[in-house]
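Student: I should like to work through this protein step by step. May we begin once the model is in view?

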Amino acid sequence: MAHVSGERAPAFTPEELEKLVDGVLPQYTQLYGPPDKQDSAHQKKAVWRAIAKDVRTLGVYHRWSTHCHKRWEDLRRRSKKTVEAQLGMDPQCGRGAHRTMTPLMFRILAVAYPELDGRMRASQQPQGGEYTLIQLTLRALRGVWAGEVGSGFP
């Protein structure tokens, strides 16, 4: 599909978003981990180019690495804001509280924001030993991503 200068690119399709997340999550430490674990800027660009190439295989639109990188950053930011709003951790809690968590957001949060688990425990101690659905889901997904299937629950 040709892109005319000045026109917006079409929105990412659900399939493109899945492909994007599938490409980023295994590379997350190289892209965003501690400085000693991150790749060089040149290597990161190569990773984003490879991810964009995978997204392009769907044939929907010619996504460049910058399209994919920006969309990933947006997904990551929205996922964090949504869970913070739902848990009452967002100072602007009224804004975005209507958002619902999607399965894609749960996958992103489990890898991108492991500190949320500690913040959730500190900000919302379970009453009577009960956890919220979001807490349980994040804990379960974190266990799955760590290869500990079934041990992600409290």
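Tutor: A residue counts as buried when its relative accessible area is under 20%. The model before us is predicted, and the burial values are computed from it.

Student: What percentage of the residues of the protein count as buried?

Tutor: The criterion is a relative accessible area under 20%. Applied to the 154 residues of the protein, it gives a buried share of 36%.

Student: Which pattern does the protein follow when read along the sequence?

Tutor: The protein has seven helices and zero strands. Read along the sequence, its pattern is therefore written with helices alone: α-α-α-α-α-α-α.

Student: How are the axes of helix α1 and helix α5 oriented to each other?

Tutor: Two packed helices are described by the angle between their axes and the distance between the axes. Here the axes of α1 (residues 14-24) and α5 (residues 103-112) come within 11 Å and cross at roughly 15°. Angles under 35 degrees count as roughly parallel, and α1 and α5 are therefore roughly parallel.

Student: Which residues make the contact, and how do they divide into nonpolar, polar and charged?

Tutor: The crossing of α1 and α5 is left-handed. From α1 the contact takes L17, E18, V21 and D22, and from α5 it takes L104, R107 and I108. By class, these residues divide into four nonpolar, no polar and three charged.

Student: Is α5 mostly covered or mostly open, and how many of its residues are buried?

Tutor: The buried residues of α5 are L104, M105, F106, R107, I108, L109, A110, V111 and A112. They include L104, R107 and I108, which also take part in the contact with α1. Helix α5 is mostly covered, and of its ten residues the number buried is nine.

Student: Which helices each supply at least two residues of the largest nonpolar core?

Tutor: This core has 23 residues, and those with the most contacts inside it are L20, V21, V24, W48, C68 and W72. Leaving aside neighbours within four places in sequence, V24 is in contact with L31, W48, I51 and W72. The helices that each supply at least two core residues are α1, α2 (28-32), α3 (41-56), α4 (65-86) and α5.

Student: What distance separates the C-alpha atoms of W64 and R49?

Tutor: W64 is found in the loop between α3 and α4. Not counting residues up to four places away in sequence, W64 touches A52 and R56. W64 and R49 are 15 residues apart along the chain, and their C-alpha atoms are separated by 7.3 Å.

How values were computed
Residues are numbered from 1 along each chain as its sequence is written. This is a predicted model: local features need pLDDT of at least 70, side-chain atom pairs count only at pLDDT 80 or more; totals for chains, interfaces and linings use all residues. Side-chain values use heavy atoms; hydrogens and water are left out. Axes are lines fitted to C-alpha atoms, for helices over the stretch in contact, and angles run from 0 to 180 degrees between N-to-C directions. Helices (H or I, at least four residues) and strands (E, at least two) are DSSP runs, numbered from the N terminus. Angles under 35 degrees count as roughly parallel, over 145 as roughly antiparallel, 65 to 115 as roughly perpendicular and the rest as oblique. A crossing is left-handed if the near helix is turned anticlockwise from the far one by less than a right angle, and right-handed if clockwise. Contact means heavy atoms within 4.5 Å. Ala, Val, Leu, Ile, Met, Phe, Trp, Tyr, Cys and Pro count as nonpolar, Asp, Glu, Lys and Arg as charged, and the others, Gly among them, as polar. Buried means under 20% relative accessible area, exposed over 50%, partly exposed in between (1.4 Å probe, protein chains only). A nonpolar core is a set of buried Ala, Val, Leu, Ile, Met, Phe, Trp, Tyr and Cys residues joined through side-chain atoms within 4.5 Å.
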